Amino acid sequence: MTPTAARKLVAVGAAGAFAVYASVLRPRVQWLGTSHEERTATYPGDDLIPGGRRYGAMATTIAAPPERVWPWLVQMGCDRAGFYSFDRLDNGGRPSADRIHEQWQNLRTGERIASAPDASRWFDVALLVPEQVLVLRASLTVPTARNFDPAGGLPRAYSDSTWGFFLRPTVDGHTRLVVTGTARGKPHALIAVANWLFWDPAHWVMQLKQFAGLRRRAESVPNGAAATPATEGAPASGPGLSDESAPDSEAVRS
């Protein structure tokens, strides 16, 4: 095969792979685990970002009521309990907490939680309704990834998005958890390419891992029992227990 023919073959293969990703794989993963009603619903906080567009939604069912799921969500953060996902990637290698910590249960709208291990970046708590809604917002410059205040004007290049957690009790006493949000950014072409090729797939993988971590934690407490809060100063997780060793089976349970 000549070099020219080889290049053409590679180009055709790459184009085919991209077509499969765009038309088959991406739409399936982008709405993984959601029902038609969950995909088309309007969620609290959808109006937080003017001109923002929904980037997809993922959902899972947790075999525990919302009051057992909520404490795990409200204590998230690199400066708190971690994110129950791949700790080496989003928590500086520190294992996410495997207990409820009472000192992290009083999160309020307007507060910040660290999204980087060194606390150089953060999420703003944009909306919070106990046991129902938690919406986090990340407003970052591009490419420096520095937080900015969208109320003070928009940079020339930026990404502004929400990450929302919506809990609904089911008839059998479980929790339906939908994670979705809206986003905007400039320059549009650069943001779109970055999302398609990297950020969206990374988010999907991390979100599936977080679902598994949340289910393992919330479902570990028997029905009718309350999770025991950890005392101030207690370690974030038990000896030798890291969320990266958590099983990934049934990553999305519909």
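How do the residues of the lining of the second largest pocket divide into nonpolar, polar and charged? The split is seven nonpolar, two polar and four charged. The model behind this count is predicted.

**The second largest pocket**

This pocket holds about 160 Å³ of space. Its lining has 13 residues; Tyr43, Phe166, Leu167, Arg168 and Val178 lie nearest the centre. Helix H2 (36-40), S6 and S7 each give two or more residues to this lining. S6 provides the largest share, three residues.

**The largest pocket**

The largest pocket has a volume of about 1,800 Å³. It is lined by 49 residues. Nearest its centre are Ser159, Ser161, Asn195, Trp199 and His203. Two or more lining residues come from each of helix H1 (3-30), S1, helix H4 (87-90), S4, S5, S6, S7 and H5. H5 makes the largest contribution to the lining, with 16 residues. By class, 27 lining residues are nonpolar, 14 are polar and eight are charged.

**The cavity**

The structure has one cavity of 30 Å³ or more. The volume of the largest cavity is about 40 Å³. Its lining consists of Gln30, Tyr55, Gly56, Ala57, Met58, Val179, Asp200, His203 and Trp204. S1 and H5 each supply at least two of these residues. The largest share, four residues, belongs to S1. Five of the lining residues are nonpolar, three are polar and one is charged. His203 appears in this lining, and His203 is also listed among the residues nearest the centre of the largest pocket.

The three spaces are set side by side below.

| Space | Volume | Largest share of lining |
|---|---|---|
| Largest pocket | about 1,800 Å³ | H5, 16 residues |
| Second largest pocket | about 160 Å³ | S6, three residues |
| Largest cavity | about 40 Å³ | S1, four residues |

**The sheet**

Six strands form an open sheet in the order S1-S7-S6-S5-S4-S3, with antiparallel pairing. Strand S1 (53-62) and strand S3 (112-114) are at the edges; each has a single partner strand, so one side of each lacks a neighbour in the sheet. On average, neighbouring strands of this sheet are turned by 25° against each other, direction ignored.

Start at the S3 edge. Three bridges join S3 to strand S4 (residues 122-129), and the two run antiparallel. Here alanine 114 has tryptophan 122 in S4 as its bridge partner.

Next comes the pair S4 and S5. Five bridges link these strands in the antiparallel sense. Leucine 128 stands opposite leucine 134 in S5. The two strands form a hairpin with three residues between them. In the turn, glutamate 131 has a positive phi of about 65°.

S5 also pairs with S6, again antiparallel, over nine bridges. Arginine 137 faces threonine 162 of S6 across this pairing. Why is S5 largely enclosed by the rest of the structure? Because eight of its nine residues are buried.

**Helices on the sheet**

Two helices lie across strands of the sheet. Helix H3 (residues 66-74) lies across S1, S4, strand S5 (133-141), strand S6 (158-169) and strand S7 (175-186). It runs at about 155° to S6. Helix H5 (residues 188-218) lies across S1, S6 and S7, at about 15° to S1. H5 supplies at least two residues of the largest cavity's lining, and H5 has the largest share of the largest pocket's lining.

Key:
Residues numbered from 1 in each chain as written. Predicted model: local features only at pLDDT ≥ 70, side-chain atom pairs only at ≥ 80, totals over all residues. Heavy atoms only, no water. Pairing = 2+ DSSP bridges. Axes fitted to C-alpha atoms, helices over the stretch in contact; angles between N-to-C directions. Contact = heavy atoms within 4.5 Å. 1 Å grid on protein atoms, 1.4 Å probe; cavity = no way out; pocket = protein on both sides within 12 Å on 5 of 7 lines; lining within 4 Å. Points joined across faces, edges and corners; volume = space filled by probe spheres on them. Nonpolar A, V, L, I, M, F, W, Y, C, P; charged D, E, K, R; others polar. Buried < 20%, exposed > 50% of the residue type's maximum accessible area, 1.4 Å probe, protein only.
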